[in-house]
Amino acid sequence: MRHEESKLQIAFVRWFRMQYPKYRKLLFSSLNGVRLKGTPEQRARTWNRLKEEGAVTGVADLFLSVPSGDLAGLYIEMKTTRGKQSAAQKEFEADVLEAGYGYAMPREFEECVNIVQNYLKSGQY
């Protein structure tokens with residue numbers, strides 16, 4: 001399932017950067033989902049270092065750091081039709097909504113496109 005979400009995210013990011021070249025660097029991904037290499041101990045040490053550097057479990061896959069409407073930016077969590085949010089992702093969603101950001105969870109490419117076009121146009125998604 002993760003590979004399907006990755007393909008969806010890649011296609012969306014490519015589309016976005018061609019559609020909105022002036023914002024191309026303002027849509028970026030989080031480190032969550034990166035597969036760490038090495039032994040279990042090495043992976044644990046790497047993740048602990050990343051947490052000390054600011055990595056947070058549950059952070060959305062993408063962040064569009066462009067304010068629109070009343071929102072300061074839009075977090076995007078890619079899911080396929082079979083994907084489900086983890087408890088950490090649900091908690092992150094609640095936190096960012098409370099802080100004045102948007103949070104969307106598209107499940108198909110066209111939905112990603114519609115969400116971002118509407119967000120950039122009106123601050124609604």
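Glu5 sits in helix 1 of this predicted model. With a relative accessible area of 6%, Glu5 is buried, because the cut-off for that label is under 20%. Setting aside its neighbours within four places in sequence, Glu5 is in contact with Met78, Lys79, Thr80 and Gly83. One of these contacts spans a good stretch of chain: Glu5 and Gly83 are 78 residues apart in sequence, with their C-alpha atoms 8.5 Å apart in space.

**The sheet**

Let us turn to the strands. Four of them form an open sheet in the order 1-2-3-4, with mixed pairing. Strand 1 (27-29) and strand 4 are the edge strands, each pairing on one side only. Averaged over the sheet, neighbouring strands are turned by 20 degrees against each other, direction ignored. In general, the strands of a sheet pair through backbone hydrogen bonds, either parallel or antiparallel. Strand 2 and strand 3 run antiparallel and are joined by 3 bridges. Within this part of the sheet, Leu62 stands opposite Ile76 in strand 3.

**The cores**

Which residues have the most contacts inside the largest nonpolar core? They are Phe12, Phe16, Leu27, Leu64, Ile76, Val116 and Leu120, in a core of 22 residues. Helix 1 (2-19), strand 2 (62-64), strand 3 and helix 4 (109-122) are the elements that give two or more residues to this core. Helix 4 gives the most, with 6 residues. Apart from this core lies another, of 7 residues, among them Val59, Ala60, Phe92 and Tyr103.

Two members of the 22-residue core are worth following through their contacts. Not counting neighbours within four places in sequence, Phe12 is in contact with Leu27, Leu62, Ile76, Met78, Phe109, Cys112, Val113 and Val116. Leu120, in turn, lies in helix 4 and is buried, with a relative accessible area of 19%. Residues up to four places away in sequence aside, Leu120 touches Phe16, Tyr20, Tyr23, Leu64, Val66 and Ser68. Between Leu120 and Leu64 there are 9.8 Å from C-alpha to C-alpha, although the two are 56 residues apart in sequence.

**Helices 2, 3 and 4**

The table sets out the lengths and spans of three helices.

| Helix | Residues | C-alpha span, first to last | Expected span at 1.5 Å a residue |
|---|---|---|---|
| Helix 2 | 13 residues | 18 Å | 18 Å |
| Helix 3 | 12 residues | 17 Å | 16 Å |
| Helix 4 | 14 residues | 20 Å | 20 Å |

For helix 2, the distance between the end C-alpha atoms agrees with the expected span. For helix 3, the reach is close to expectation, and the reach of helix 4 is also close to its expected value.

Where do the buried residues of helix 4 lie around its axis? The buried residues are Cys112, Val113, Ile115, Val116, Tyr119 and Leu120. They cover an arc of only 165 degrees around the axis, which puts them on the same side of helix 4. The face turned away from that buried side carries the exposed residues Glu110 and Lys121.

Helix 3 (residues 87-98) can be read in a similar way. Gln89, Phe92 and Val96 are its buried residues. Their arc around the axis is only 60 degrees, so they sit on the same side of helix 3. On the other side, Ala87, Glu91 and Glu98 are exposed. What covers the buried residues of helix 3 includes strand 3 (74-76) and strand 4 (102-104). Helix 3 lies across these two strands, running at about 150 degrees to strand 4.

A glycine with positive phi follows each of these helices in turn. After helix 2 comes Gly54, with phi near 120 degrees. Gly100 follows helix 3, with phi near 95 degrees. Gly123 follows helix 4, with phi near 80 degrees.

**A loop glycine**

Another glycine, Gly38, is found in the loop between strand 1 and helix 2 (40-52). Is Gly38 buried or partly exposed? At 41% relative accessibility, Gly38 counts as partly exposed. Gly38 and Leu8 are 30 residues apart in sequence, and their C-alpha atoms are 27 Å apart in space.

Terms used:
Residues are numbered from 1 along each chain as its sequence is written. This is a predicted model: local features need pLDDT of at least 70, side-chain atom pairs count only at pLDDT 80 or more; totals for chains, interfaces and linings use all residues. Side-chain values use heavy atoms; hydrogens and water are left out. Helices (H or I, at least four residues) and strands (E, at least two) are DSSP runs, numbered from the N terminus. The expected span of a helix is 1.5 Å times one less than its number of residues. Buried means under 20% relative accessible area, exposed over 50%, partly exposed in between (1.4 Å probe, protein chains only). The arc is that of the directions from the helix axis to the C-beta atoms. Contact means heavy atoms within 4.5 Å. A nonpolar core is a set of buried Ala, Val, Leu, Ile, Met, Phe, Trp, Tyr and Cys residues joined through side-chain atoms within 4.5 Å. Two strands pair if DSSP finds at least two bridges between them. Axes are lines fitted to C-alpha atoms, for helices over the stretch in contact, and angles run from 0 to 180 degrees between N-to-C directions.
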